[in-house]
Structure formats: structure tokens, C-alpha cells
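Colleague: Please take a close look at a single part of this model, and tell me in one connected account how it sits among its surroundings.

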Amino acid sequence: MNFPFHDKTLEGQHILITGATGGIGYAAAKAAVAAGARVTITGRNEGKLSELKQECGDDNVFAVRADLSKPQARDQLVESAANEFGPITGLLNSAGIGGGDIVENLTEEDLRGIMELNYFSLVELTQLVYKGMKDKEKGAIVNIASLSGLRGTHGNSAYSASKFAVVGFTQAFALEAIEHGVRVNAVCPGYVDTEMGRNAIKSKGERNGRSYEEQLDLAKESIPSGRLTSPEEVANTIVYLLSDASENIVGESVKISGGSVMR
Ligand code: NAD
């Protein structure tokens, strides 16, 4: 796919990207740098962070290894990012985990672990970054929710609840933040062709006695466009939402799902 933006779309911006070692965050970091931003990337996989930094060009990327479920790590991340590239003007909350099971098999560890990272850590990191944006009266925050944050699906209650929480937070916080020139939006992808997307298809197949390929075919058949979304397509929507081109888009949950869910 051709990159639809130019190298000044995010010029002058410093974007913090969580989950940058994962499929969507990785693609978003590359897209943000191509759009002219300087980017702080964070994730837990040191090797992947170095690879991404090299791919993007060392000067534009600052990499920080961090476990976002740890308060101290979040504090250090935000502080070191601002020291390196100045005030953070854009935040992409992409770190997330899937998993869980049907409700009767759901463990407390799954339930709390999923909510801890997908919701609490996201909110607490956002609080830290928002302070600086509010002072400057400008900023854009994009939270990756999911179609699972808009409607329930079988065997997915823990993840779905965490993503409903992200959508609710996005809408309510957007009303506060826009009073200070900060835009908050969410993106809600359907199946994306990343490790997490493939694992979700695999688990669903296992629960229903189907191979990965059989479950993948069923997933594609259920999508009007007939295919999964690529991480680059999600990244393009993120760049748009981080840019001034989306200046009056506030509190939205932008679906990227080939027509799977419409409302
Ligand atoms: P991925 O598994 O490829 O990436 C997830 C990222 O989160 C990784 O970089 C991982 O290191 C990071 N992460 C997990 N736990 C962490 C922790 N404790 N501290 C720091 N980082 C941590 O998944 P992806 O497909 O790139 O997903 C990115 C986001 O998109 C997630 O929030 C996910 O819920 C959401 N999403 C994914 C899909 C899909 O089909 N792939 C669909 C809808 C929404």
C-alpha cells in the first residue's frame, strides 16, 4: 500500500507510542516517522525496539524498554521521553493483551491481568502525558480499542469488557480534554493481521474444533470486504487522527473492519 501522507503531516510533533514492538504499534511508529514526527517507542522486547529504531532512522526515534503495568516504569518513560525530544504532542496507546475464555472458565488472573494492562495502565499513562499537553493547550491522543469495545462476541468477555472501558474512557475524557485543546479518539479495528489477531483466530478455532485455516476462512467470510485489516491500514488512520487534518474529530471510535460492524 502506498503511504498516503507526506513527510510534513506530523512535522514538529513528538509522538509516544506504546506497544511499539507489536504489529500495530510497530507499523504506527514507522508511519509517524514517515509523516515527519519524532517518536518515542516503548515495548518490552529490546530486540524489536532496536530493529524498529534502525528501520526508522536513529535520529528520529527514542526507544525505552518498559513494562507499562508498573507505575515507576510509566513515570520514567514519560520523563525520559520529554527529556529526549521535548514535550509530547501525541500519544498512541497501543499496548494491549488478549486472552480469556468463556465466563465459566475465566481465571481471576486473566480477568484482572487483561483489565490491568488494557484499561488501568492506559488511563494512568494517559494522565501523565495529558498534564504536559494541557499546559501547552494542544495535543492528540489515540487509544486502540477494538470492535470488541463496541459489541460482545462469544468467549471474549474479559477482553471485550476492557475495550468497552477504553471506549467509555475515550468518550468521557474527550469532553474534558477538548476544553484544553487536546483531542482524544479511539480506533476500533476488527481482526488485524498481527500476532494478536492470529492468536485470536487460533483460539476461536480451538474452542470450536476447527483448524486455524478453517477459522481464518470463516473470519474472512464474515467480513464484507473479504479480508483482514493490515497493521499499516490501522497506522494510516492513527496518523490521520494524530494530525491537524482531523482537527474537529473528538471522542470518536473509528471502526476499521471492512464493514463488519456499522453503527
Ligand atoms: P501485538 O500482540 O502484536 O502487540 C501488543 C503490544 O503490547 C506488544 O508490543 C506488547 O509488547 C505490548 N505489551 C503487552 N503487555 C505489555 C506490558 N505489560 N507492558 C508494555 N507493553 C506491553 O498486538 P497488536 O495487534 O499490535 O495490538 C495492538 C492493540 O490493538 C492492542 O491494544 C489490541 O488489543 C488492539 N487490537 C488488536 C486487534 C488485532 O486483531 N490484532 C484488533 C483490535 C484491537
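Modeller: Let me start from one pair of residues: Val187 stands opposite Val254 in E7. Before going further, please note that this is a predicted model, in which local features need pLDDT of at least 70 and side-chain atom pairs count only at pLDDT 80 or more, while totals for chains, interfaces and linings use all residues. Residues are numbered from 1 along each chain as its sequence is written. Helices (H or I, at least four residues) and strands (E, at least two) are DSSP runs, numbered from the N terminus.

Val187 is one of the residues of strand E6, which point alternately to two sides: Val182, Val184, Ala186 and Cys188 point one way, Arg183, Asn185, Val187 and Pro189 point the other way, and all are buried. Buried here means that 20 or more other C-beta atoms, placed from the backbone, lie within 10 Å of the residue's own. In a regular strand the side chains alternate between the two faces of the sheet. Because eight of the eight residues of E6 (residues 182-189) are buried, this strand is largely enclosed by the rest of the structure.

E6 has a partner on either hand, where two strands pair if DSSP finds at least two bridges between them. With E7 (residues 253-256), E6 runs parallel and is joined by four bridges. With strand E5 (residues 139-144), E6 pairs in the parallel sense over six bridges, and Val184 in E6 is the bridge partner of Ile141. Between E5 and E6 the chain passes through helix H5 (residues 157-177), and this β-α-β crossover is right-handed, meaning that, with the strands pointing away from the viewer, the path from the first strand over the helix to the second runs clockwise.

Seen more widely, E6 belongs to an open sheet of seven strands in the order E3-E2-E1-E4-E5-E6-E7, with parallel pairing. Strand E3 (61-65) and E7 stand at the edges with a single partner strand each, so one side of each is left without a neighbour in the sheet. From one strand to the next the twist averages 15°, taking axes as lines fitted to C-alpha atoms (for helices over the stretch in contact) and angles from 0 to 180 degrees between N-to-C directions. Towards the E3 edge, strand E2 (residues 38-43) pairs with E3 in the parallel sense over five bridges, and Thr40 has Phe62 in E3 as its bridge partner.

Note on methods
A residue is buried if 20 or more other C-beta atoms lie within 10 Å of its own, exposed if 12 or fewer, and partly exposed in between; C-beta atoms are placed from the backbone.
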